[in-house]
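I opened this notebook to keep a record of what I looked up, entry by entry. The sequence and the structure come before my notes.

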Amino acid sequence: MPKVIPSPAARIAPMTRRDALKIPLAASAAGPAPAASPARIATEIVRLKLLHPWTTVMSSSDFRDTLHVRYSKDGITGHGEGAPIVRYKEDAQGALQAVNSVRDLLTASDPWKFSKLMAEVFRRVEGQWAGKAAIDIALLDWICQKLGVPVYRYFGLDPKDAPVTTFSIGIDTADVTKQKVREAAAYPVLKVKVGLDVDETTIASIRAATDKPLRVDANEGWTDKEVAVRKINWLATKGVEFVEQPMPAHMLEEMRWVHQRSHLPLIADEAVLHPGDIPKLIGAFDGVNVKLDKCGGILEAYREIQIAKSLGMKTMLGCMISSSVSVTAAAHLSPLVDYADLDGNLLIANDPFSGVTVKDGKLILPDRPGLGLKPV
Ligand code: MG
């Protein structure tokens, strides 16, 4: 049985053993004791169907497979999800194998030593950041459910500080683009993918439908620094707030040249995967786009955000196309950041959960323990 230390108030009156066991573990002055029952890990590859086929400079498709992880112990189940990123040669099978490779470690370890446990997972598993993210999220969901607090409270954040999220408009024909802009009526800021030959047409068809502020993502699409500057400064005249990843990640020297001539803030995405990538971006970018699937979970994303802030950079939380599990996990850190692009769950037709919601564009964090997910 778990060792339960009565709180000071509880010690005043004589207690039966049964009374003592009713005291929540979280109320213990000595902190929660390790629970005795073994943990169970369940994994599942979930095929998420897209509302619209999704086109970027990298790919086009009408579904995404993400890895879901469930961590169960003491009657509580924590949910995690990782969306493998093709750019980094990840897929759902690889993420699944990564989780299986540390299954024994996860079931045998004390989840309250979360930070140490995740460090060991990172040491044992090479790459496979989506698989690591799924583990990290499931463990933190379990811990915060057990403590009876939302994840944002575990990190000491105020949900009122959560920013608005952009809503992404994929590249498409002019008519479909107009339809997508109409569907995004509730969102005050839109995100647009550029970086193809049709950039002028894309922006023109969006501007024909709305004058809302735009945030633009080039996804490494411009490989010539002069073209990049010309495109960025043209976008500056079109009501664009910033440009994400104008040039390929490895072209940092060219980006410094572009940065000196840019009329808009520049945000790194593909150029920043992990906290250690941030210092070399100074002078090339103004901010970083942090994603749980790139860095390996909530804890690593928190570190990345804090390092960027300490270096005076803007911070943004982004996501891949994924269900409410991963998007809600990221949203719990969103009170920390300047910008949010957390719409991955809004682009799918078969979300298995509800969690974070959006009101007038602003992220509303669930005020329930853990991630605060509810099955749909
Ligand atoms: Mg991006």
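Why does Ile307 count as partly exposed? I worked from a predicted model, in which the relative accessibility of Ile307 comes to 30%, and Ile307 counts as partly exposed because buried means under 20% and exposed means over 50%.

Surface entry. I placed Ile307 in helix α13, which covers residues 298-310, and then looked for its partners on the surface. Together with Ile282 and Leu311, Ile307 forms a nonpolar patch there, and the three residues have about 220 Å² of accessible area together.

Metal entry. I next turned to the magnesium ion, whose protein donors are Asp217 (OD), Glu244 (OE) and Asp269 (OD), at 2.0 to 2.2 Å from the ion. Along the chain I read the spacing of these donors as D-x26-E-x24-D. The pair Glu244 and Asp269 links distant parts of the chain, 25 residues apart: Glu244 belongs to strand β7 (residues 240-244), while Asp269 sits in the loop between β8 (266-268) and β9 (287-290). When I checked their accessibility, I found both Glu244 and Asp269 buried.

Whole-protein entry. I noted 14 helices and 15 strands in the protein, and I recorded that buried residues account for 55% of its 376 residues. Of the contacts between residues at least 6 apart in sequence, 67% join residues at least 24 apart. Finally, I entered the exposed area of the protein as about 16000 Å², of which carbon and sulfur atoms supply 54%.

Note on methods:
Residues are numbered from 1 along each chain as its sequence is written. This is a predicted model: local features need pLDDT of at least 70, side-chain atom pairs count only at pLDDT 80 or more; totals for chains, interfaces and linings use all residues. Side-chain values use heavy atoms; hydrogens and water are left out. Patches are made of residues with over 30% relative accessible area and no salt bridge: like charges are joined within 9 Å, nonpolar side chains (Val, Leu, Ile, Met, Phe, Trp, Tyr) within 5 Å. Accessible areas come from the Shrake-Rupley method with a 1.4 Å probe; for residues, only the protein chains shown count as cover. A salt bridge is a side-chain nitrogen of Lys or Arg within 4 Å of a carboxyl oxygen of Asp or Glu. Helices (H or I, at least four residues) and strands (E, at least two) are DSSP runs, numbered from the N terminus. Buried means under 20% relative accessible area, exposed over 50%, partly exposed in between (1.4 Å probe, protein chains only). Donors are N, O and S atoms within 2.8 Å of the metal (3.2 Å for Na, K and Ca); water is not among the atoms, so sites may look incomplete. Contact means heavy atoms within 4.5 Å.
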